[in-house]
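Here's a quick briefing to read alongside the model. Have the sequence and the 3D view open, and follow along by topic.

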Amino acid sequence: MGSDYYETLEVNKNATDADIKKAYRRLALKFHPSSNREAGATEKFSQLGEAYDVLSDPRKKATYDKFGVEGLKGGIPPEFGSGGAWSSKYVYHGNPDKTFRQFFGGDNPFADFYTNDAPVQFGGLQPGVVKVQDSPIERDLHLSLDDLFHGCTKKIKISRRVMNEDGFTSSIRDKILSIDVKPGWKEGTRIIFSKEGDQGPNSIPADIVFIVRQKSHHLFVRQHNDLIYKTQISLEMALIGFSVDVETLDGRLLNIPINDIVHPAYKKVVTGEGMPLSQDSSQRGNLIITFDIQFPEKLSAERKYLIKQALAFKD
């Protein structure tokens, strides 16, 4: 939907949460397909549902106010999400009846507006309906290599709709989720908070799922449980030997002698100096050192002669 959410709900951008609720209540009742058979009513009802879904959620609203529909639906960089913005790509679930049902908190939202005994036909909200859990809400959890090496605790604030004590109305409340990152967790690890999504009278809250995304590191590249360290050396060093200093993620300085002749495919494996294993953090992968050999751009005739003499093999 490319239109203005505020315009859809017929409120201005300074509207309070109460103003937004009042506007949605009035317009949703007016355009609900069960009471409005005019052309365009169904589409308008769907637009109202999406507009309310965004503007009633503080984090989605903050993102929309700052970045517009494009930022809300296209996603914004994680660093902009620190102020409470919704950094994931927003997709409306496409079920305006669900939004309507959650707002009114009952099987028959029109009950207060009918005084006769005639039954109100309101499809999909009959008593005894089987509750279905909402689809999981997935968000990326960006962690540094140091976080994944040492382990850490991340606290994330979420805003969600919860049912009030009366069992019919709901409100938006914040909650802090705590994630204990274990040493050795890998890219793609999923952390599931069961049923922490929006609550509603006729649905089971969605699971909230955080997926580990590893940030790049300035020294190491992770390969499963191993750490790859690449260093530049001269041709002279490759031929006569040298030592490499490597500062580990836990602050130690390793001095590793290289006594072999180093060729482009050569790798030095240092056992037990890689990432901890998630299933047993006392066990570690390996540190693998690779080499970028820097060849001289040119050699004088004298230097070429000396190299030739040094590399000459005698029978």
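**What lines the largest cavity**

The lining of the largest cavity breaks down into 3 nonpolar, 3 polar and 6 charged residues. Keep in mind that this is a predicted model. That cavity has a volume of about 110 Å³, and it is one of 2 cavities of 30 Å³ or more in the structure.

**More on the largest cavity**

- Here's the full lining, if you want to click through it: Tyr52, Asp53, Ser56, Asp57, Lys60, Thr99, Gln102, Phe103, Arg160, Arg161, Ile172 and Asp198.
- Three elements, α3, α5 and β3 (152–163), each give two or more residues to that lining.
- The largest share belongs to α5, which puts in 3 residues.

**The second largest cavity**

- This one comes in at about 40 Å³.
- Around it you'll find Phe149, Phe220, Leu227, Thr248, Leu249, Asp250, Glu273, Gly274, Arg284 and Leu287.
- Sorted by type, its lining has 5 nonpolar, 2 polar and 3 charged residues.

**Helix α2**

- Helix α2 covers residues 17–31, and its end C-alpha atoms sit 21 Å apart.
- That agrees with expectation, because 15 residues at 1.5 Å a residue should span 21 Å.
- Its buried residues are Ile20, Ala23, Tyr24, Leu27, Ala28, Leu29 and Phe31.
- What covers those buried residues? The cover includes other helices: α1 (5–9), α3 (41–55), α4 (58–74) and α5 (96–104).
- So two of these helices turn up twice in this briefing, because α3 and α5 help cover the buried residues of α2 and also give residues to the lining of the largest cavity.

**Threonine 290**

- Look for threonine 290 in strand β15, which runs over residues 287–294.
- Is threonine 290 buried or exposed? It counts as buried, because its relative accessibility is 16% and the cut-off for buried is under 20%.
- Setting aside neighbours within four places in sequence, threonine 290 is in contact with Ile228, Tyr229, Lys230, Thr231, Tyr266 and Lys267.

**The protein as a whole**

- The secondary structure adds up to 8 helices and 15 strands.
- Of the 315 residues in the protein, 42% are buried.
- Among contacts with a separation of 6 or more, 57% are between residues 24 or more positions apart.
- The protein exposes about 18,600 Å², with carbon and sulfur atoms supplying 50% of that area.

How values were computed
Residues numbered from 1 in each chain as written. Predicted model: local features only at pLDDT ≥ 70, side-chain atom pairs only at ≥ 80, totals over all residues. Heavy atoms only, no water. Helix = DSSP H or I, 4+ residues; strand = E, 2+ residues; numbered from the N terminus. Buried < 20%, exposed > 50% of the residue type's maximum accessible area, 1.4 Å probe, protein only. Contact = heavy atoms within 4.5 Å. Expected span 1.5 Å × (residues − 1). Areas by Shrake-Rupley, 256 points an atom, 1.4 Å probe, with all protein chains shown as cover. 1 Å grid on protein atoms, 1.4 Å probe; cavity = no way out; pocket = protein on both sides within 12 Å on 5 of 7 lines; lining within 4 Å. Points joined across faces, edges and corners; volume = space filled by probe spheres on them. Nonpolar A, V, L, I, M, F, W, Y, C, P; charged D, E, K, R; others polar.
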